[in-house]
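Biologist: I'm new to this one. Could you pull it up and walk me through it?

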Amino acid sequence: RAGLARRGGKMASTAAGKQRIPKVAKVKNKAPAEVQITAEQLLREAKERELELLPPPPQQKITDVEELNDYKLRKRKTFEDNIRKNRTVISNWIKYAQWEESLKEIQRARSIYERALDVDYRNVTLWLKYAEMEMKNRQVNHARNIWDRAITTLPRVNQFWYKYTYMEEMLGNIAGSRQVFERWMEWQPEEQAWHSYINFELRYKEVDRARTIYERYILFTLLVIVHPDVKNWIKYARFEEKHSYFAHARKVYERAVDFFGEEHMDEHLYVAFAKFEENQKEFERVRVIYKYALDRIPKQEASNLFKNYTIFEKKFGDRRGIEDIIVSKRRFQYEEEVKANPHNYDAWFDYLRLVESDADAEAVREVYERAIANIPPVQEKRHWKRYIYLWINYALYEELEAKAKYFFCLFLQDAERTRQVYQACIELIPHKKFTFAKMWLLYAQFEIRQKNLPLARRALGTSIGKCPKNKLFKGYIELELQLREFDRCRKLYEKFLEFAPENCTSWIKFAELETILGDIDRARAIYELAIGQPRLDMPEVLWKSYIDFEIEQEEYEKTRSLYRRLLQRTQHVKVWISFAQFELSSGKEGSLSRGRQIYEEANKAMRNCEEKEERVMLLESWRSFEEEFGSDATKERVDKLMPEKIKKRRKLQAEDGSDAGWEEYYDYIFPEDTANQPNLKLLAMAKLWKKQQQESEAAEMDPDKDIDESQS
């Protein structure tokens, strides 16, 4: 291989005793070798060639006793040497003893096991091998002795007890096996040991003994085990049931129920109890057991109980029983939802619908009380919107549903309970921050249904005093209108307009009320007050209502005056068009000329208007007017006023000021704009010249077409 360094030179001493420094050989070729060999490749080659495998020793045939004794001596010496090297390796002892056993040297093997036990008496394997050797060689008494020593030395090793009892049973020594089990039970072993003892007695038809063992085991669980298991009681009861001791089995189940009580209830116990009673055809007992357990076990731990109860009702129950199961299951689901989030009002609504359809009034009231107790933690109206409907539904239930259920028994309406619900809700709402007009109005309507008008008026008056709202005023006014109390309506409108003078709808409704009552002057005065307000939410609606009112009263001069006053405030195109149409619809002499005059005034007033579309709308309305009622001259005049529609482009800018491209839009050029701007006229002439040039070029490109046109 290239790249290997060769170290040469050796230490030599001269006759004078001086040492020479060895010379370091220089590597001439430092390039890597063409074939690289790794450690893995070296190991693989050694494996393939089997360099480390030793040939098997030659077979030795023993022909006489001396050779056999010599072989035994050498073998024993080897085992003894191994033991002497490490006494704690039990496998060497076991191999030594098994070799002696193979030579039928039982005494020697027994001696080796005893020596090994002196070294490590806690080794379970050593005891097992020792006892198995004795049993294999039919040394029963020796085996009993070994098992007895093993269970005395290591009583918590269950394997010794199992082997010992099994050996005695196989030998037919039933009494001895029972005695071993009794010794084992004194040590209070685990559950499987007790069941092994019980199964042993059952194999020999000793039912009474097995029952006694069960009783001892149950007593042991009561006294020793901190958290006893239900399955032991169930096994005991099934044992009694299997042997047709049904009264004893029922008594075991009852004792188990009493023992575990309500603090440590387990659904498996009740399911087994119910199935036992079902096998005995005691269906009412089964139903009582299931209901008792479902009422007391936490719902999240009773899924299996629900399932078995449903199956039972489907097999032996009626339709009502099945519905009760389904309702109970849904009730459990809703209980879990509201427990996880008490402020989940949608879950409360679903839960209440369920209990209203099935439960009695007291149960429904209890759920309602639990629901309304979950007050929203934040005093913001958006958090209270769903919550307030709990109170509304509660009040409606008390008034309608509860009354309907008990009407035939009581022959009266329990209105006081409903009134208390409304009053409690109203006291709970923080009226200084927000209120719910719906609640006040529902309370007032309830009192009206109870024919208690003073209480209804007092409730609405209190609501307006505490927290005035438009909806409350409207509801109160509507109530008084239905009662035909017009003086009260006037007072309410006055209070309403003092509270919200910008509300145009209120002014209009007030004026309409006076109009219906025939007091035209009061209605007109109300309109005048309304249009004189400095701030209005919908002034155009108010002016339109006032104008329509004067038109209905046929006060055309006052209507014209109103239009003039409105035009002083706004020059909107719709006002001009409406004014012109009013003049046209008046039907009096000169209406056409007055309408045309208004259009002309509007056109002059809107010449300086920036919104050209509004002026175009006015001219189109004027042209429609002239087409229907005007002459050719007036039509031609209006047509000359119509603008020219042209397409333009403008540059767009984004929010950050950068260029956003170009946008095309339509613009209108009116005749007076063309006269004032000579550039527009020059542009029109340029467009005409370009059009003529295109036509001439087309004619030159197609001379045959010109000839055909000349011939034609």
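Modeller: Sure, starting with a term: helices (H or I, at least four residues) and strands (E, at least two) are DSSP runs, numbered from the N terminus. Ile289, for instance, has its place in helix H14 (residues 283-296). This is a predicted model, where local features need pLDDT of at least 70, side-chain atom pairs count only at pLDDT 80 or more, and totals for chains, interfaces and linings use all residues. Residues are numbered from 1 along each chain as its sequence is written, and side-chain values use heavy atoms, with hydrogens and water left out.

Biologist: OK, is Ile289 buried or exposed?

Modeller: Ile289 is buried, with a relative accessible area of 11%. Buried means under 20% relative accessible area, exposed means over 50%, and partly exposed is in between (1.4 Å probe, protein chains only).

Biologist: And how far apart are the C-alpha atoms of Ile289 and Glu277?

Modeller: They're separated by 9.3 Å, and the two residues are 12 apart along the chain. You could also look at Leu269, which lies in helix H13 (residues 267-279). Leu269 counts as buried because its relative accessibility is 2%. Its C-alpha atom is 6.3 Å from that of Val230, with their positions 39 residues apart along the chain.

Biologist: Let's switch to salt bridges. How many salt bridges does a search of the whole structure find?

Modeller: The search turns up 42. A salt bridge here is a side-chain nitrogen of Lys or Arg within 4 Å of a carboxyl oxygen of Asp or Glu. Side chains of opposite charge can pair when their charged atoms come close.

Biologist: Which residue does Glu398 form a salt bridge with?

Modeller: With Arg417, and the closest N and O atoms are 3.8 Å apart. The pair links distant parts of the chain: Glu398 is in helix H19 (residues 381-410) and Arg417 is in helix H20 (residues 415-428), 19 residues apart. Glu398 is buried, at 3% relative accessible area, whereas Arg417 is partly exposed, at 31%.

Biologist: What about Asp548 and Lys544, where do they lie?

Modeller: Both lie in helix H27, four residues apart, which is about one turn of the helix. Their side chains meet in a salt bridge (3.1 Å, N to O). Asp548 is partly exposed, with a relative accessible area of 31%, while Lys544 is exposed, at 52%.

Biologist: Which residues do salt bridges with shared partners join into one network?

Modeller: Asp487, Arg490, Glu514, Asp519 and Arg522 are joined into one network that way. Within it, the side chains of Arg522 and Glu514 meet at 3.3 Å, N to O. Glu514 is buried, with a relative accessible area of 0%, and Arg522 is partly exposed, at 33%.

Biologist: Now pockets. How much space lies in the second largest pocket?

Modeller: About 370 Å³. On a 1 Å grid over the protein atoms alone, a cavity is a set of points where a 1.4 Å probe fits but cannot get out; a pocket is an open set with protein on both sides within 12 Å along at least five of seven lines, and lining residues have an atom within 4 Å of a point. Grid points are joined across faces, edges and corners, and a volume is the space filled by probe spheres set on the points.

Biologist: Which residues lie nearest the centre of that second largest pocket?

Modeller: Glu540, Lys544, Leu566, Val575 and Ser578, out of 16 that line it. The elements giving two or more residues to the lining are helix H27 (539-552), helix H28 (556-569) and helix H29 (573-585). H27 has the largest share, seven residues.

Biologist: How many nonpolar, polar and charged residues are in the lining of the second largest pocket?

Modeller: Eight nonpolar, three polar and five charged. Ala, Val, Leu, Ile, Met, Phe, Trp, Tyr, Cys and Pro count as nonpolar, Asp, Glu, Lys and Arg as charged, and the others, Gly among them, as polar.

Biologist: Last topic, backbone angles. What's the phi of Arg138?

Modeller: It's positive, about 60°, although Arg138 is not a glycine. Arg138 is found in the loop between helix H5 (124-136) and helix H6 (140-153), and is exposed, with a relative accessible area of 75%. Ser244 also has a positive phi, near 65°, and lies in the loop between helix H11 (230-242) and helix H12 (246-260).
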